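Thanks for sending this one over. Here are my notes, set out point by point so that you can follow along with the model open beside you.

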Amino acid sequence: MTPPLLCAGLEIALNRTLALEPAVLAQCQRLSGRRIELCAETLGWTLSLEFHAAGVRVLPVAEGEPDVRLRGSPAELIGLGLRQLRGEPSLGGLRVEGDVELLQRFQRMLAEARLDPEEWLAPLIGDTPAHRLAQGLRGLFGWGRQSLSTLGLDTAEYLREETRDLARAADVEDWMQAVETLREDADRLEARLRRLEQARA
Amino acid sequence: MTDPRPPRPTTHFGFQEVPVTEKQARVRGVFDSVASRYDLMNDLMSMGVHRLWKRFVIDLAGVRAGERVLDVAAGTGDLTREFARQAGPRGLAVLSDINAAMLGEGRRRLVDAGVLGVPAAQANAECLPFAEASFDCVTIGFGLRNVTDKDAALRSFHRVLKPGGRLLVLEFSRPLNSGFAKVYDQYSFKLLPLMGRLVANDEASYRYLAESIRMHPDQDTLKGMMERAGFARVQVYNLTGGVVAVHRGYRLE
């Protein structure tokens with residue numbers, strides 16, 4: 001059974017997001033009672049998302065048939081969550097059964113409710129300063145991301161080329177090819193030995 | 001010669017069987033005794049983790065601005081304080097407890113925390129003095145095990161909830177792992193009364209608290225009781241290996 005605390009965590013996160021935008025909560029009320037089911041196939045876990053006036057409730061057990069069901073591996077479901085965070089509506093390799101429109105609507109609601117710093121800052125400091133501050137913050141975070149990425153690349157290169165703690169991609173490929181050749185040779189030797197044993201018998 | 005009068009109904013008070021009419025007074029005695037050191041007691045019993053358990057209940061309750069919340073057996077008002085902030089000026093959070101000493105302590109703490117305008121009601125959970133369908137959310141934290149007639153209390157919670165409203169019960173429960181349960185038993189029955197004696201000079205009250213936890217219905221039994229009281233979508237969330245469980249159910253009709 002799906003861990004109830006996982007459901008609770010997802011529910012709390014979704015409801016905090018949806019509550020950022022009153023218009024989105026009003027949509028939740030209109031969708032009251034409709035359900036989206038997420039099935040992580042290899043784990044056998046089910047997450048049932050049901051709309052109500054205050055957002056969604058997420059339960060590990062489903063009562064009756066959902067309006068729409070998404071099936072996929074846990075990695076595919078996590079991928080869906082990450083893409084949603086980046087604002088990409090793609091469903092990846094997930095299989096959808098049922099009302100696709102409900103799913104797309106929920107994705108749009110999550111996108112609408114995403115935190116907009118400009119909107120939050122404007123009532124406090126005014127429209128223009130809010131826009132400039134938000135741009136500044138974006139620039140700062142962008143610079144931070146770029147710096148982190150460069151630092152990551154430099155560190156990886158140092159560990160590969162200088163200390164030799166990490167293997168280079170080409171070396172790993174050569175090694176994997178060598179393992180594959182050895183495995184094939186061992187298979188051939190085993191087959192030859194079997195034939196020789198049969199000939200002796 | 002046999003006594004022709006029917007036997008008086010009894011209930012448990014810790015591990016003792018006492019007449020139903022006596023339990024309320026005895027529980028009152030315990031809480032009158034511990035009210036001024038209630039937070040210390042909670043910290044001792046849970047080793048401080050009760051703050052995280054309460055945080056989980058607050059997050060799971062998801063109270064929104066404008067909602068009406070009733071906190072039953074509110075104790076020192078830890079939950080009420082957050083609910084009052086979340087409900088905001090358009091909403092309402094009510095601090096409720098059957099015990100006058102605890103209620104007074106709760107009101108004092110709320111004022112100290114700068115949370116004003118929270119109504120306080122001395123009320124019995126079994127027959128709440130509120131109109132039908134008057135709250136969006138009802139919570140009871142570490143209080144249900146002290147209620148004499150738990151089924152009546154659950155029916156009462158159901159009655160005061162609006163359709164779509166939710167009940168959250170935070171209560172000590174049964175550890176899920178038998179090895180851990182043995183360690184927990186030793187802690188509850190040996191260490192806890194000893195700490196009660198050393199820290200609060202009140203061993204009997206702390207022994208009652210440990211015993212009352214053992215007599216409280218386990219996770220599945222309480223879930224069944226909530227469903228029989230009319231709650232739907234009842235879900236159990238075990239915390240700290242089942243030492244504590246949060247039960248959440250909805251009044252749908």
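The points below go from the sheet in chain A to the contact between the chains, and then to chain B.

1. A word on the source before anything else: this is a predicted model. Please read every value below with that in mind.

2. Start with the sheet in chain A. Its 5 strands form an open sheet in the order β3-β2-β1-β4-β5, and the pairing is mixed. At the edges sit β3 (55-59) and β5 (95-98) of chain A, each of which pairs on one side only. From one strand to the next, the twist averages 20°.

3. Within that sheet, have a look at β1 (residues 35-40) and β4 (residues 68-72) of chain A. These two strands run parallel and are joined by 5 bridges. If you want a pair of residues to find by eye, A:L38 stands opposite A:L70 of β4(A).

4. Next comes helix α1 (residues 4-18) of chain A, which packs on the sheet and touches β2 (45-52) and β3 of chain A. The direction of α1(A) makes about 170° with that of β3(A). Its length also checks out: at 1.5 Å a residue, 15 residues should span 21 Å, and the end C-alpha atoms of α1(A) are indeed 21 Å apart.

5. Which residues of α1(A) are buried? They are A:C7, A:A8, A:E11, A:L14, A:N15 and A:L18. Seen down the axis of α1(A), these buried residues fall within an arc of 140°, so they line one face of the helix. The general rule behind this kind of pattern is that an α-helix has 3.6 residues a turn, so residues three or four places apart point the same way.

6. What do the buried residues of α1(A) pack against? In chain A, the partners are α2 (22-30), β2, β3 and α4 (100-112), and in chain B they are α3 (50-61) and β8 (232-239).

7. That brings us to the contact between the chains, which takes 12 residues from chain A and 9 residues from chain B. On the side of chain A that touches chain B, α1 and β3 of chain A each supply at least two residues. The largest share of that side, 5 residues, comes from α1(A).

8. Over in chain B, α4 (78-87) is mostly covered, with 8 of its 10 residues buried. Among them are B:D78, B:R81 and B:E82, along with B:L79 and B:F83. The buried residues of α4(B) pack against α3, β3, β4 (92-97), α5 (100-112) and β6 of chain B. Just after α4(B), B:G88 takes a positive phi of about 70°.

9. Two backbone angles in chain B deserve a look. B:A73 is not a glycine, yet has a positive phi of about 50°; this residue lies in the loop between β3 (68-72) and α4 of chain B. B:A73 is buried, with 25 other C-beta atoms within 10 Å. B:F142, also not a glycine, has a positive phi near 55° and sits in the loop between β6 (135-141) and α6 (150-160) of chain B. B:F142 is buried too, with 24 other C-beta atoms within 10 Å.

10. Last, the largest nonpolar core has 87 residues, and B:V57, B:V138 and B:V246 are those with the most contacts inside it. Leaving aside neighbours within four places in sequence, B:V138 is in contact with B:L70, B:V72, B:F157, B:V160, B:L161 and B:L167.

Notes:
Residues numbered from 1 in each chain as written. Chains lettered and ligands numbered in written order. Predicted model: local features only at pLDDT ≥ 70, side-chain atom pairs only at ≥ 80, totals over all residues. Pairing = 2+ DSSP bridges. Helix = DSSP H or I, 4+ residues; strand = E, 2+ residues; numbered from the N terminus. Axes fitted to C-alpha atoms, helices over the stretch in contact; angles between N-to-C directions. Contact = placed C-beta atoms within 7 Å. Buried ≥ 20, exposed ≤ 12 C-beta atoms within 10 Å, placed from the backbone. Expected span 1.5 Å × (residues − 1). Arc of directions from axis to C-beta. Core = buried A, V, L, I, M, F, W, Y, C linked by C-beta atoms within 7 Å.
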